[in-house]
Amino acid sequence: MAIDFRGQSAPASEEGMMHVFWLSGMSCDGCSVAMLGASNPSIEDLVLDRVPDLPLVVMHHPMIAEESGAELMAQYSAAGQNQLGAPYILVVEGSIPDDQALSSGAFASMGAGSSAARGRGRATDWIVALAPNAAATIAIGTCATWGGIPAAAGNITRSMSLMDFLGGGYRSSRGLPVVNVPGCAPQGDNFMETLANIMRGLTGNRDMPQFDELGRPAWLFDQTVHVHCPKAGYYEEGIFAEEPGDNECLVEIGCWGPVVQCNIVERGAVNHLGGCMVAGGACIGCTMPGFPDKYSPFYKAPPGSAISGGLTKVTGSAIRRMRLMSMKMANREPIWERAGDGTTAWGRAAGLDSPLERINGKFYKKLQYKGSVNQASRNKLQPQPQSMDILRQKGVDVEASTDVLQEHVITREEL
Ligand code: SF4
């Protein structure tokens, strides 16, 4: 009998049920935390059967299971022996140590072993026991997907990815290779959405989703960090941070965002909030194969950024200058232009509204309205409001000096 989160005993043969078995290799449990923080759908949605087109999920996870010890592991054994009576998905967090090659001991273990897991509770034994009968096998987090930190240079565990451990010929009982949801820690909703869509595919409620050549959910990892980065505008205009904490684009102090496939910017860390760039951090490539070694040292700029960043500095500064001119023109009410006094008291104090800017504005508008109704010309024909400058009209004495203002006004160029 499996226990679901409603506290009821759920018969393993129940229609419309799917088990999820969670295993940990060389892991910090960050993937588990990410999964628990997901909201679209949440783990509560799945185990409480709140999503209409998904099966009731019975989650077997050592961190959150109601059972413990032998009672918990009995479920894993039953899955390995194909005795559940319902399909299951295997989820592996953490990289896979080379324990199968050791004559004794283990770097990662869970439980005390069983006939299904032929060893002594080693995590690798459980994977060998559960992977063949799993309807789908998902590697969550960069350690399980590509080896990650435990597989970095200098490690003594000879750790590897789940894909490498099971081999390129591995297929689940429903014909799927290992599905990879990378990230250190992964974005929790990336995992839950993938899990949900795989379940829809397995139950026939929808087509199986598409994956890329590395087994990543294609719709989640098809873009680079850079294209959606909140600092991408700085990059385009060639304005770069000089030290961590600066607001500008971080490529010159070690951001790999232009080549890293990850959706943390659009999705945020938890429930659409936070995420590396939103929090001011540079991208260090944590979703990518070869992380961390291929992206270190994290404080150095990627070599390619010298060329792309250098080019952007040249083109970006010209673009920025042109935009500043257009921006000045856009920051005008038509009423001011009709009055021949194209700015505010603040603007006059800052020395804006030069004749050159007015001429530029005229040409810009000509191009803007070419081939359509010239709304700027139409607006010029509007009568001016008669109560403009009402205090002066009524003879109320107002301070016209700009001296004080000058201390408190700052132009766009100075920002
Ligand atoms: Fe691109 Fe990184 Fe700069 Fe963002 S901070 S714009 S990801 S290079």
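## A buried cysteine, a ligand shell and a parallel sheet

Let's start with one residue: Cys262 sits in the loop that links α8 (232-236) and α9 (264-267). Keep in mind as you look around that this is a predicted model.

Is Cys262 buried or exposed? With 29 other C-beta atoms within 10 Å, Cys262 is buried, because the cut-off for a buried residue is 20 or more such atoms. Which residues does Cys262 touch once its neighbours within four places in sequence are set aside? The contacts are Gly183, Phe221, Val225 and Thr287. Asp99, by contrast, lies 163 residues away along the chain, and its C-alpha atom is separated from that of Cys262 by 31 Å.

Next, the ligand. It is surrounded by 14 residues, and Cys229, Cys249, Val251, Cys255 and Gly257 are the closest of them. By character, this shell divides into 11 nonpolar residues, 2 polar ones and 1 charged one.

Now for the sheet. Five strands make up an open sheet, and following the order from one side gives β4-β3-β5-β6-β7, with parallel pairing. At its edges are β4 (56-60) and β7 (179-181), each of which pairs on one side only. On average, neighbouring strands of this sheet are turned by 25 degrees against each other, direction ignored.

If you would like to trace one strand pair in detail, take β3 (residues 17-24) and β4: they run parallel and are joined by 5 bridges. One place to find this pairing is Met17, whose bridge partner in β4 is Leu56. Helix α3 (residues 69-80) lies across β3, β4 and β5 (88-93), and it runs at about 110 degrees to β3.

Finally, here is the protein chain as a whole. It holds 16 helices and 7 strands. The table collects some overall values.

| Property of the protein chain | Value |
|---|---|
| Radius of gyration | 30 Å |
| Radius of gyration of a compact globule of 415 residues | near 22 Å |
| Box filled by the C-alpha atoms, along the principal axes | roughly 95 × 45 × 45 Å |
| Buried residues | 39% of the 415 residues |

The radius of gyration of the protein chain is thus 30 Å, whereas a compact globule of 415 residues would have one near 22 Å. As for contacts, what share of those with a separation of 6 or more comes from residues 24 or more positions apart? Such pairs account for 71% of them.

Technical notes:
Residues are numbered from 1 along each chain as its sequence is written. This is a predicted model: local features need pLDDT of at least 70, side-chain atom pairs count only at pLDDT 80 or more; totals for chains, interfaces and linings use all residues. A residue is near a molecule or strand if its C-beta atom, placed from the backbone, lies within 6 Å of it. Ala, Val, Leu, Ile, Met, Phe, Trp, Tyr, Cys and Pro count as nonpolar, Asp, Glu, Lys and Arg as charged, and the others, Gly among them, as polar. Two strands pair if DSSP finds at least two bridges between them. Helices (H or I, at least four residues) and strands (E, at least two) are DSSP runs, numbered from the N terminus. Axes are lines fitted to C-alpha atoms, for helices over the stretch in contact, and angles run from 0 to 180 degrees between N-to-C directions. Two residues are in contact if their C-beta atoms, placed from the backbone, lie within 7 Å. The radius of gyration is taken over C-alpha atoms; the globule rule is 2.2 Å times the number of residues to the power 0.38. A residue is buried if 20 or more other C-beta atoms lie within 10 Å of its own, exposed if 12 or fewer, and partly exposed in between; C-beta atoms are placed from the backbone.
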